[in-house]
Amino acid sequence: MFNKLCIIGVGLIGGSIARTARLQHLATTIVGFGLEADLQNLQTARQIGVIDAFYLDIAFAVQDADCIVIATPVASIAAVLALLKPFWSECAIYTDVGSTKGNVLAAALAEFGRVPDNFVPAHPIAGGEQSGVLAAVDDLFVRKRLIITPVDNTSTEALRKIQRFWQGLGSAVSIMDAEHHDSILAATSHLPHVLAFALVDMLGHKDEQSEIFKYAAGGFKDFTRIASSNPTMWKDICAANKQAILPLIGQLKDELDKIHRMLADDDYQQLFATFTYANHARQRFLNQIETTMSNSQTFHIQPGGKLHGVTRVPGDKSMSHRSIMLGSLAEGVTHVTGFLEAEDALATLQAFRDMGVEIEGPVDGRVTIHGVGKHGLKAPKNELYLGNSGTSMRLLSGLLAGQPFNSVLTGDKSLSGRPMKRVTDPLSLMGAEIKTTEQGTAPLYITGKAGLLKGIDYTMPMASAQVKSCLLLAGMYAQGETRVTEPAPTRDHTERMLSGFSYPVKRVGSTAVISAEGSLKAMDIDVPSDISSAAFFLVGASIAPGSDVILKHVGINPTRTGVIDILRLMGANIEVLEPREVGGEPVADLHVVYSPLKGIDIPEALVPLAIDEFPVLFVAAACAEGQTRLSGAEELRVKESDRIQVMADGLQILGVDAQPTPDGMVIQGGKIGGGVVTSHGDHRIAMAFSIAGLRAEAPIRVLDCANVNTSFPEFKDLVKALGLALVCTEE
Ligand code: S3P
């Protein structure tokens, strides 16, 4: 990226930038600059190869440099800018690493009259208590956040280059204004440092020599680690960001006063509520870090090829969720085989462990559940974190509404944006008490209403198996009958599995009926392969000439086979071999060979029966001759992503004429080109665009694919084994 990178201040941060830039080949030459007092550190930096050369004269240091990074403490920024000013070059890009940004901009303004266009202020949120080049490492910024705080006149080109530079060093880059940055950092970094210094100052003066430090263990050490940081640096940071820190110190004092009062008044209920809130908030924070910083994956697909062979895709997601839920509520031990070992189903499994259920496995798809009976769940100690899984959250909300304990359900960014009113509204008609955000989204705060729920007769406004299942599970704890009517048939795994567990559930036309009368008896469950995962191969083999694939042991419950019906209407050649029944669910092997497809108007009645398969069906439509039109599928807009918009955007990037409509899409079949598309973290979008590669004319790159792990972790391996040229890289 750069010919000569000049680092001003080769300490922990500057040295780590140099080390990582070298490792990642981001600069040809890396030089350092420092003052006389820093000579020894600079010599060490050169000796250990962190920099190629160093200078004590700024003129030589910056000569011909195309990137200059100011990595000195915040208090020195004005002096460094003054040093740089006489040699300021329009051909170079300047950036800094200061942990406060308002003062950096103020210093630039004072020195230059305006912030130079080619100065891009930045702050890597990374560091440590040690200082000096010997503390530098080459992974300090990997998967750490970095904030860039441009001003109005910052050059877009310079900003993009600095952004790419930091991404190259491993950081996740965000862009915001300096004031916003400073207020956030005051709360998340500066206040905790003030607090750690204050606590050790207070305890140290109180009793330095004896008891307190002698017996101080993990808690004290963890809490005060940051008080080992450089006092000069932190004095300077506090001074630079005083405006934002002072009000926060005031708020912290108020909070301590509040806790002081609770204790003095023996108000332990409030104290518990405060601690519980904090405990949950911290868990949310940790979950968020996990999702935003989790490795992002990119799929690179070479165009062409065909699919050939016999395979068995993993277990059905919907049934895997339900096997854990009902197995946990059963009396006795339930053995599950074919369980889907993917993040969504594992989130459900963990939730039931958190509610005191002993669950062994999964090992090779085998899970053993020691059921606790219908009334045996225990209050979870923390929030139940359900990751990406809408099914877990919606079904659990019904089940937990009637328990004798409270619970909180949280999820990742995608799940936290999905509509939950569709379950909380009818549940509240049953007497449930569930709080959502103002937007009707998670977290869900559920007050358990054991014995107080009443059955309702509810006609769903949308065809949703999740809503139906949620209400049936709540109905198992409600007085009287709960009746749920669906406007169109939706998957009926809950009803089938309840019957399998000997729990009475009736079907009257399009209405499912349940009551609290009954108990669940443990049973063994063989989960068939997921037709939603098989769908990628059904489409892949249908669009790629020469393909011939057999998919073993696929669940072909008639409420799930819309994808086969739609593909057959388009001219696909799919045979259903050896249909059989396994544990109350129909199963078969599916044989698919290439056949030219034609565009159709997809019958609306098939939409709920193929609801999860549309991303890949859109790819089939893009390869078909003529026009395919989907309508009546507005539900697709509230799945893991807005699947109508995201697929239309991606297909257009690949050169396909795909026009989104409010409730579907119109696609003119034709050629698929190459390009870079994003899955928006939606597993089925990532897999659908990968399959498009079979008919693409140029390579396709699909960004943000880690979420494939929520439903089909083996996808990459299986699809490669059958013939798709897919390579996955991790950033
Ligand atoms: C599911 C039902 C469907 C489906 C989801 C799984 C289930 O959602 O899209 O992937 O297991 O009940 P809706 O019921 O919201 O349509």
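**Exercises on a four-strand sheet and the whole fold**

In this predicted model, Tyr385 sits opposite Thr410 of β16. Numbering starts at 1 along each chain as its sequence is written, and side-chain values use heavy atoms, leaving out hydrogens and water. Local features need pLDDT of at least 70, side-chain atom pairs count only at pLDDT 80 or more, and totals for chains, interfaces and linings use all residues.

**Exercise 1.** Work out in which sense β15 and β16 pair, and which strands stand at the sheet edges.

*Solution.*
- Start with the pair: β15 and β16 (residues 407-410) run parallel, over two bridges. Two strands pair if DSSP finds at least two bridges between them; strands themselves are DSSP runs of E, at least two residues, numbered from the N terminus.
- Now lay out the open sheet: its four strands go β15-β16-β18-β17, with mixed pairing.
- Then check the ends: β15 (384-385) and β17 (433-435) each have a single partner strand, so one side of each lacks a neighbour in the sheet.

**Exercise 2.** Find how many helices and strands the protein has, and how its radius of gyration fits the globule rule.

*Solution.*
- Count first: 24 helices (DSSP runs of H or I, at least four residues) and 32 strands.
- Next, the radius of gyration (over C-alpha atoms; the rule is 2.2 Å times the number of residues to the power 0.38) is 30 Å, close to the rule's 27 Å for 731 residues, so the protein is as compact as a globular protein of that length.
- Finally, buried residues (under 20% relative accessible area, 1.4 Å probe, protein chains only) make up 53% of the 731.

Terms used:
Buried means under 20% relative accessible area, exposed over 50%, partly exposed in between (1.4 Å probe, protein chains only).
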